[in-house]
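Reader: Please take one part of this model and look at it closely for me. I would like to hear how strands are paired, and then what the side chains around them do.

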Amino acid sequence: MAYQTLSYSRDDRVATITLNRPDRLNAITREMPDEIRAAVEEANRDDLVHVVVLQGAGRAFCAGYDLKNAAERPRGTGGSQEMPWDPFIDFQLMDHNTQCFQSLWRSYKPTICKIHGYAVAGGSDIALSCDLVVMAEDAKIGYPPARVWGCPTTMMWVYRVGAERAKRLLFTGDLIDGCEAERIGLITQAVPAGELDAAVQKIADRMKGVPKNQLWMQKTAINSAFENMGMRTTQTLATLFDGMTRHSPEGIWFKQRAEEKGFHQAVQERDSGDPIPGSKPPRNN
């Protein structure tokens, strides 16, 4: 298959999927979620593949959705609908993307994500859908749109670090580095940036000698525990909330600010710690 947003290769028993929009820090386009799923399916069809490695080309793994143009365009053309808001339109699009990312979680073959630079917002949704995550110590991961204009639709944070730490990260939208991510159990391992490729290769080499049926059985048994906890229901709710965040009073303010002053200025104001101007004043009793 010819891919536009990523590349696919196989060496021995390891398939490598590389997000390949380095000029945009591998930001997510409309095509990328489908291509990720297609590449995972290609690896699953290949009887020689035992392990899948996901990585990003250039300076970062993935900087999230390519929102600059969407946020700066008039409402109804990107990210936000004209009011009244139809939640099904948002849900249909974002649930599709979520299930594409979750193809990494559901893959018959184990998936390893290699993070350098940044894995933020939607990029963290992709990364945390993998079975194992290895980060450079100086790489950053987080979900800044949790402050305004976003909710992580895969909601893998809570399944990886538990309720309290997931709340700490999503109540603030803070980024953490690889060392902190390893300390709290969000990822498998953090290593110096210069050792990242070798560390991932070492894990992949160790796993690729295991029969595919053994890998599938261990993965399926472990995944079933999370699915029995209601993962799909949680993701449905999070995906609905993601659409709501773009149409709340604060979300509408953020969109208008991005149109007026540019996306980067709107993000700076959102993350400044000052009250969001779009918030409604409290009601008088």
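Author: Happy to, and a definition comes first: two strands count as paired if DSSP finds at least two bridges between them. Strands themselves are DSSP runs of E with at least two residues, while helices are runs of H or I with at least four, and both are numbered from the N terminus. With that in hand, here is the sheet: 3 strands, in the order β5-β7-β8, form an open sheet with mixed pairing. Its edge strands are β5 (118–120) and β8 (176–177), each of which pairs on one side only. β7 (residues 140–142) meets β8 in the antiparallel sense over 2 bridges, and Lys140 stands opposite Asp177 of β8.

A word on what you are looking at. This is a predicted model, in which local features need pLDDT of at least 70 and side-chain atom pairs count only at pLDDT 80 or more, whereas totals for chains, interfaces and linings use all residues. Residues are numbered from 1 along each chain as its sequence is written, and side-chain values use heavy atoms, with hydrogens and water left out.

Next to the packing. A nonpolar core here is a set of buried Ala, Val, Leu, Ile, Met, Phe, Trp, Tyr and Cys residues joined through side-chain atoms within 4.5 Å. Buried means under 20% relative accessible area, exposed means over 50%, and partly exposed lies in between (1.4 Å probe, protein chains only). The largest nonpolar core has 64 residues, and Phe61, Ile115, Ile141 and Leu186 touch the most other members. Helix α6 (residues 156–172) supplies the largest share of this core, 7 residues. There is also a second, separate core of 9 residues, with Val148, Phe263, Val267 and Ile276 among them. As for Ile115, its contacts (heavy atoms within 4.5 Å) beyond four places in sequence are Phe61, Ala127, Val133, Val134, Met135, Ala136, Ala139, Ile141 and Leu196.

For your close look, I would pick strand β2. This strand, residues 14–19, has 6 of its 6 residues buried. Val14, Thr16 and Thr18 point one way, Ala15, Ile17 and Leu19 the other way, and all are buried. On one partner, strand β1 (residues 6–11), the pairing is antiparallel over 6 bridges, with Asp11 opposite Val14. The hairpin of β1 and β2 has 2 residues between the strands, and Asp12 there takes a positive phi near 60°. The other partner is strand β3 (residues 51–56), which runs parallel to β2 and is joined to it by 6 bridges; Ala15 has Val52 as its bridge partner in β3. Helix α1 (residues 32–45) completes a right-handed β-α-β unit with β2 and β3. Right-handed means that, with the strands pointing away from the viewer, the path from the first strand over the helix to the second runs clockwise.

Charged side chains come next. A salt bridge is a side-chain nitrogen of Lys or Arg within 4 Å of a carboxyl oxygen of Asp or Glu, and by this rule the count comes to 19. One of them joins Arg21 and Asp66 at 3.3 Å, N to O. That pair links distant parts of the chain, 45 residues apart: Arg21 sits in the loop between β2 and α1, Asp66 in the loop between β3 and α2 (67–72). Arg21 counts as buried because its relative accessibility is 17%. Back at the hairpin, Asp12 and Arg13 belong to a salt-bridge network with Asp205 and Lys208.

Two further pairs are worth a glance. Arg168 and Asp174 meet in a salt bridge of 3.0 Å, N to O, with Arg168 partly exposed at 46% relative accessible area and Asp174 partly exposed at 31%. Glu259 and Lys255 form another, their closest N and O atoms being 2.9 Å apart. They are 4 residues apart in helix α11 (residues 249–261), so about one helical turn separates them. Glu259 is partly exposed at 33% relative accessible area, whereas Lys255 is buried at 0%.

One last stop is Leu215, in helix α9 (residues 212–228). Leu215 is buried because its relative accessible area is 11%. Leaving out residues up to four places away in sequence, Leu215 touches His50, Pro110, Met207 and Val210. Its C-alpha lies 8.1 Å from that of Tyr108, although the two are 107 residues apart in sequence.
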